[in-house]
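Let's take a walk through this fold, one helix at a time. Have the structure open and turn it as you read.

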Amino acid sequence: MMTTVEEIRRDVVLGNHILAGEGVLDVFGHVSARHPDRPDRFFLSRSTSPAQVSDETLLEFDLDGKVVAGEGHPYLERFIHSEIYKARPDVGSVVHHHAPSIMPFAATGTPLRPIYHLGAVIGPEVPFWDSQDEFGDTSMLVFNPEMGASLARTLGKGNTALLKRHGAICVGETVPRSVFISACMRDNGELQANAMAMGDPDFLSAGEVEKSNKVNGWGRPLERAWEHYCRVYG
Ligand SMILES: [Zn+2]
C-alpha cells in the first residue's frame, strides 16, 4: 500500500506529540520523515517545541538541509536529519532526543546495552559520537553538514547512537518504528541504570538481541505500540 504525503506529514506531527508526551523529547529535539515520493526530500518542523508541531509548522527540506517548501526558521540541527537520509537510503524517519535516562550514558561513556527484550531494538551496543574528536570545542549542536555526516558515519548501519554530553539519535524505516525505538531506548537507559545500581546486570546475549530484533518492534507488535500511542496522544 502506497503511503501518501498527507499520511507521512500526519505521522511526523503525531511522532512529535507522542515523544513529547512520553518525556523522550523535551523542549528541544525533533522527529522527521522522508518524503514518500521524493527520497531526496524530508519533512521536519520549523523551530518550535515538539508539542507545538502541526501540519502548518512542517517544512520540506532537501538533503543539503535547505528549505524547499514551507515558511519559518529551521532547526539549527536539521543537518542531523539531512545527512542521515543521505547516508542511509533504508531510513525513513529520524528522531533526535535528549531523554534524561540516557544522558548519564552520554556523559560517562558507559556502554548502553539491551537489558530487556524490547531493548534489543537499540542494537547490541550503542555507538558514541564525540564532537570533540573532529571539531574540538563547539556549541555542542550539530549545526553544519560536516558534523551531520560525521555523526551519520558513527551511526553506521545501526538504529541508534549516543552523542557525548548531548543526547541521542534513533532511526527507523517509518515514523512508528523510530518512535518505538526511541521509547525503548529511553526505557532501557532507565532500567539499565537501576539494574547497575543493584549490581551487575545480565544483558541480552548477542543471539537474544538478534532473535528479539526479528520479532519485537515489527509487524503486529509495532502496530500495537503505535495504536496505543495514537490512542493516548493522538
Ligand atoms: Zn540536540
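What follows starts with one helix, moves to its partner and ends in the nonpolar core.

Keep in mind that this is a predicted model. Start at helix H1, which covers residues 5-21, 17 residues in total. From first C-alpha to last, H1 reaches 24 Å, close to the 24 Å expected at 1.5 Å a residue. Just past its end, Gly23 takes a positive phi of about 75 degrees.

Now look at what H1 hides. Its buried residues are Val5, Ile8, Arg9, Asp11, Val12, Val13, Leu14, Gly15, Asn16, Ile18 and Leu19. Reading a list like that, it helps to recall that an α-helix has 3.6 residues a turn, so residues three or four places apart point the same way. And what do the buried residues of H1 pack against? Their partners are the strands S1 (30-34), S2 (41-45), S3 (58-62) and S5 (93-97), together with the helices H6 (175-198) and H8 (219-233).

Let's pick H6 out of that group. The axes of H1 and H6 come within 10 Å and cross at roughly 10 degrees, which makes H1 roughly parallel to H6. The crossing is right-handed. At the meeting point, H1 brings Asp11, Val12, Gly15, Ile18 and Leu19, while H6 offers Val175, Pro176, Val179 and Ser182.

Finally, zoom out to the largest nonpolar core, which has 61 residues. Ile84, Leu112, Leu162, Ile169 and Met185 have the most contacts inside it. Take Leu112: leaving aside neighbours within four places in sequence, its contacts include Leu162 and Met185, as well as Ile102, Phe105, Ile122 and Val126. Leu112 also touches Glu125, Asn188, Gly189 and Gln192.

Conventions: Residues are numbered from 1 along each chain as its sequence is written. This is a predicted model: local features need pLDDT of at least 70, side-chain atom pairs count only at pLDDT 80 or more; totals for chains, interfaces and linings use all residues. Side-chain values use heavy atoms; hydrogens and water are left out. Helices (H or I, at least four residues) and strands (E, at least two) are DSSP runs, numbered from the N terminus. The expected span of a helix is 1.5 Å times one less than its number of residues. Buried means under 20% relative accessible area, exposed over 50%, partly exposed in between (1.4 Å probe, protein chains only). Contact means heavy atoms within 4.5 Å. A nonpolar core is a set of buried Ala, Val, Leu, Ile, Met, Phe, Trp, Tyr and Cys residues joined through side-chain atoms within 4.5 Å. Axes are lines fitted to C-alpha atoms, for helices over the stretch in contact, and angles run from 0 to 180 degrees between N-to-C directions. Angles under 35 degrees count as roughly parallel, over 145 as roughly antiparallel, 65 to 115 as roughly perpendicular and the rest as oblique. A crossing is left-handed if the near helix is turned anticlockwise from the far one by less than a right angle, and right-handed if clockwise.
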